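This report walks through a model and sets out how its parts are arranged. The sequence and the structure come first, and the description follows.

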There are 2 protein chains.
Amino acid sequence: MQPCQLTASAAAGLIKERKLSCEELVRSCLGRIQMRDGEVRAWLHVDPELAIRNARELDKSSPRGVLHGLPLGVKDVIDTADFPTTQNSPIYASMRVGRDAACVAVARGSGALVLGKTDTVEFASSGRKALTRNPFNFAHTPGGSSSGSGAAVADFMVPLAFGTQTGGSLIRPAAFNGIYGMKPSWNVVSREGVRMSSVTLDTVGWYGRCAEDLALMAAAFRIPDFRQTIAVRGLRVGLCRSPVWSKIEPAGATALDAAAKRLSAEGALIDELVLPEHFNRLIEAHAAISHREGGASFLPEYLNAHDMLAEDLQAKVENALNISDAELLQSYALADACRPVFDALFGSSLDVVLTPGAPGEAPAGLHGTGDSIFNRMWTLLHVPCVAVPVGRGPTRLPVGVQLVGSRMSDARLLAIARAMAPVIDADPISGE
Amino acid sequence: MQPCQLTASAAAGLIKERKLSCEELVRSCLGRIQMRDGEVRAWLHVDPELAIRNARELDKSSPRGVLHGLPLGVKDVIDTADFPTTQNSPIYASMRVGRDAACVAVARGSGALVLGKTDTVEFASSGRKALTRNPFNFAHTPGGSSSGSGAAVADFMVPLAFGTQTGGSLIRPAAFNGIYGMKPSWNVVSREGVRMSSVTLDTVGWYGRCAEDLALMAAAFRIPDFRQTIAVRGLRVGLCRSPVWSKIEPAGATALDAAAKRLSAEGALIDELVLPEHFNRLIEAHAAISHREGGASFLPEYLNAHDMLAEDLQAKVENALNISDAELLQSYALADACRPVFDALFGSSLDVVLTPGAPGEAPAGLHGTGDSIFNRMWTLLHVPCVAVPVGRGPTRLPVGVQLVGSRMSDARLLAIARAMAPVIDADPISGE
């Protein structure tokens with residue numbers, strides 16, 4: 001096994017025991033990138049010399065934190081001190097800000113090595129797509145907007161990477177790339193230094209190749225380790241086909257059923273969860289909030305670089321959907337009303353929600369990134385979501401589900417995900 | 001009259017008519033800064049040569065927007081492409097980011113000339129105070145955290161300036177400096193590129209020396225001009241002593257009464273407004289949200305520059321107040337519940353709320369910046385607030401009130417403020 005094929009947790013353990021150096025690990029990741037990225041195209045900026053220099057420094061220094069020596073990919077809508085931040089927009093093609101986003105500063109302060117910037121849908125929003133291909137089939141999208149981060153982790157180029165989610169930009173690529181992904185509760189991780197699209201929706205999260213790795217990154221953000229060991233037996237699982245079930249594809253339906261059956265066989269108690277009627281309108285509220293808040297976010301580019309701004313971002317500034325102030329405020333009110341109702345489901349009668357991570361397998365072509373319809377509601381609810389792979393679909397592409405918890409229950413949700421992962425992810429993706 | 005003494009609206013008119021050049025205006029502002037800032041200390045960074053160069057370019061170019069040629073001060077927690085952004089923290093003493101915050105990009109895209117960065121309380125939050133003094137009496141604070149922006153506008157160094165408010169950092173300095181200030185509805189102006197303290201509370205706003213100037217800046221942000229002329233006569237004013245009336249000082253009480261009497265004499269209908277009981281808990285909710293969200297915001301500095309971070313910001317990261325997740329969520333729920341209730345007061349029975357802008361006159365000394373107690377509730381409610389000066393208090397320092405509207409009624413509130421300003425602000429502050 002190459003060092004680049006190690007999970008973050010395994011690599012961290014070996015580094016701690018001095019059985020693996022940061023430099024060896026980074027060189028292995030760089031080798032993988034050199035071998036594969038001409039085709040996968042996950043990365044926008046990598047600096048091998050800088051990476052090796054930083055690795056040597058980490059090898060010499062005492063451990064700085066839980067991520068010591070671990071290479072990290074950063075979606076290029078997130079600022080870093082040592083790379084450009086282009087947002088995959090021609091407007092910012094040569095932009096360097098020289099300051100880490102909050103999430104990058106926390107990861108670096110915990111010992112992570114920023115390996116480079118990964119490709120993204122323009123502004124993590126709309127416009128230019130990433131050039132990244134799905135590592136399982138280059139003719140398919142890896143999903144988006146966290147396209148490069150998802151593919152880089154799936155293709156063993158880096159054990160951990162940051163992404164962001166406003167609609168379904170974290171969990172959907174995790175499902176399409178057969179990896180694990182975490183969207184924390186809103187604002188548990190500071191969004192400072194991350195391109196803003198919608199302040200109510202944008203959420204920073206991360207990818208790893210096992211649930212343990214998601215918890216490792218969470219620890220850096222002081223999402224505490226959930227000490228109590230959780231057994232799958234007896235866990236009450238709400239199987240939520242969600243209000244948008246009509247959008248499911250056969251592969252997604254099969255994956256959800258398989259996950260439920262596997263959990264049930266291990267003693268989990270599966271119950272169909274039907275959300276209250278008014279949750280059906282959350283998708284519409286998401287659209288209204290995304291449109292109007294996007295209008296405020298993209299006004300600078302609209303004024304200063306109008307012709308270089310994608311038409312649907314221009315449309316947001318112009319409020320082309322004609323979302324009135326009253327409708328915007330009603331959308332906020334609906335989300336505000338649903339959040340505590342959803343949280344209250346947990347506790348006495350429910351431990352975790354099991355729901356699709358994406359409609360199905362990654363679609364063919366790089367002109368689109370798939371549909372975020374199974375993610376938007378959870379983003380607006382501000383609840384933590386963990387993507388878990390289920391196996392492969394009919395065309396041998398990965399399929400995935402997500403586990404959802406109540407707001408601020410991130411630690412417990414990760415503990416449940418760690419318990420459930422070996423059960424759900426019964427067809428693990430192995431290194432090539 | 002010196003050009004620097006002109007209001008932004010008057011200067012914009014003269015520039016448009018080619019009776020004043022941007023260069024003349026900027027030179028006048030720079031002259032004022034040179035004469036006065038050794039004592040006022042409003043500015044952290046000014047570059048006269050760059051300013052004059054930029055002014056000459058604006059003089060040569062066709063009008064770029066409503067702010068064409070107007071010098072602008074920017075609070076130093078807000079990023080600009082051409083100055084350091086130090087946040088008044090030793091951690092970022094030499095930080096330059098090379099990219100405009102969204103609000104700065106919009107102002108620049110509308111023709112404004114960024115004159116420099118103004119002093120601020122460290123991180124607009126806590127720690128080091130600005131060195132700025134109140135221009136009316138150097139032994140007194142100008143308020144904070146937008147200390148430099150408030151003093152610079154009051155002292156005729158610049159006609160417009162950006163500030164931010166998380167507690168009372170915009171409206172309180174406006175009251176203490178005898179100027180006008182606008183805190184828009186939450187997220188009407190993008191907060192991107194502004195130091196984050198609390199994502200739910202932080203709001204970008206601005207200062208001017210008349211209500212008209214506030215509307216001028218609002219136009220740059222596409223807060224539409226409210227076409228209908230509003231007459232003071234018949235306006236229904238809710239006189240809100242607020243749940244924290246016990247904190248009022250004699251000067252603040254006198255100012256509020258004077259404003260109400262002057263409006264009443266002009267035919268406005270003044271009615272005491274007592275908010276529902278549960279609004280009393282908003283101050284507590286503000287504290288809980290500010291503490292917990294600050295914990296996420298200051299984790300990067302806590303990890304990477306621990307000893308240079310103020311103790312009360314360390315305390316937020318450590319959740320020293322022990323605010324539980326449940327208490328945080330209850331605080332969100334309370335605010336979520338109060339917002340539509342407050343909005344619903346308007347329309348059939350109320351046009352505007354009149355309430356104190358600060359407890360009274362600016363306190364003596366530069367070790368503190370005064371109390372934000374009369375501002376926090378409105379910040380958490382996400383409602384637009386406009387600071388209006390009333391005159392001078394017993395020690396000849398300015399006192400002010402604020403007008404408050406429902407969420408997203410920014411345009412109408414500005415129109416009401418423009419109608420009421422000549423009535424309320426009957427002892428206008430004149431140039432020296």
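## The sheet of chain A

In this predicted model, strand β5 (residues 180-183) of chain A runs antiparallel to strand β10 (residues 385-392) of chain A, and three bridges join the two. Within this pairing, A:G181 has A:A387 of β10(A) as its bridge partner. Both strands belong to an open sheet of eleven strands in chain A, whose order is β1-β3-β2-β4-β6-β5-β10-β11-β9-β7-β8 and whose pairing is mixed. The edges of this sheet are formed by β1 (43-46) and β8 of chain A, each of which pairs on one side only, and from one strand to the next the twist averages 30 degrees.

Towards the β8 end of that order, strand β7 (residues 236-239) of chain A pairs in the parallel sense with strand β8 (residues 269-272) of chain A over four bridges. Between these two strands the chain passes through helix α8 (residues 250-265) of chain A, giving a β-α-β crossover that is right-handed. Strand β7(A) is also joined by three bridges to strand β9 (residues 352-356) of chain A, and these two run parallel. A:L239 takes part in both pairings, since A:L239 stands opposite A:E272 in β8(A) and has A:L354 as its bridge partner in β9(A).

## Contact between the chains

Chain A and chain B each give 34 residues to the contact between them. On the side of chain A that touches chain B, the elements that supply two or more residues are α4 (102-109), α9 (282-297), α10 (299-304) and α12 (325-345) of chain A. Of these, α12(A) provides the largest share, with six residues. By character, the residues on this side of chain A comprise 17 nonpolar, seven polar and ten charged.

Helix α4 (residues 102-109) of chain B is mostly covered, with eight of its eight residues buried; among them are B:C103, B:V104 and B:R108. Where do the buried residues of α4(B) pack? They pack against α10 of chain A and, within chain B, against β2 (71-75), β3, β4 (160-165), β6 (203-208) and α7 (211-220). After α4(B) comes B:G111, whose phi is positive, near 100 degrees.

## The nonpolar core

The largest nonpolar core has 274 residues, and the residues with the most contacts inside this core are A:V386 and B:V386. Helix α14 (residues 410-424) of chain A gives the largest share of the core, ten residues.

What is B:V386 in contact with, leaving aside its neighbours within four places in sequence? The contacts of B:V386 are B:Y180, B:M182, B:A211, B:L214, B:Q402, B:L403, B:L413, B:L414 and B:A417.

## Backbone details in the loops

A cis peptide bond links A:G144 to A:S145, with omega near 5 degrees, and A:S145 is found in the loop between β3 (113-118) and α5 (147-154) of chain A. In chain B, the peptide bond that joins B:G144 and B:S145 is cis, with omega about 5 degrees, and B:S145 is found in the loop between β3 (113-118) and α5 (147-154) of chain B.

The loop between β3 and α5 of chain A also holds A:F123, a residue other than glycine whose phi is positive, near 60 degrees. A:F123 counts as buried because it has 26 C-beta neighbours inside 10 Å. In chain B, B:N319 is not a glycine but has a positive phi of about 45 degrees, and B:N319 lies in the loop between α11 (311-317) and α12 (325-345) of that chain. Is B:N319 buried or partly exposed? B:N319 is partly exposed, because 15 other C-beta atoms lie within 10 Å.

## A buried serine before α14

A:S406 lies in the loop between β11 (398-404) and α14 of chain A. With 26 C-beta neighbours inside 10 Å, A:S406 counts as buried. Not counting residues up to four places away in sequence, A:S406 touches A:F342, A:D343, A:F346 and A:V383. The C-alpha atom of A:S406 is separated by 9.2 Å from that of A:V353, although the two residues are 53 residues apart along the chain.

Terms used. Residues are numbered from 1 along each chain as its sequence is written. Chains are lettered from A and ligands numbered from 1 in the order in which they are written. This is a predicted model: local features need pLDDT of at least 70, side-chain atom pairs count only at pLDDT 80 or more; totals for chains, interfaces and linings use all residues. Two strands pair if DSSP finds at least two bridges between them. A crossover is right-handed if, with the strands pointing away from the viewer, the path from the first strand over the helix to the second runs clockwise. Axes are lines fitted to C-alpha atoms, for helices over the stretch in contact, and angles run from 0 to 180 degrees between N-to-C directions. Two residues are in contact if their C-beta atoms, placed from the backbone, lie within 7 Å. Ala, Val, Leu, Ile, Met, Phe, Trp, Tyr, Cys and Pro count as nonpolar, Asp, Glu, Lys and Arg as charged, and the others, Gly among them, as polar. A nonpolar core is a set of buried Ala, Val, Leu, Ile, Met, Phe, Trp, Tyr and Cys residues joined through C-beta atoms within 7 Å. A residue is buried if 20 or more other C-beta atoms lie within 10 Å of its own, exposed if 12 or fewer, and partly exposed in between; C-beta atoms are placed from the backbone.
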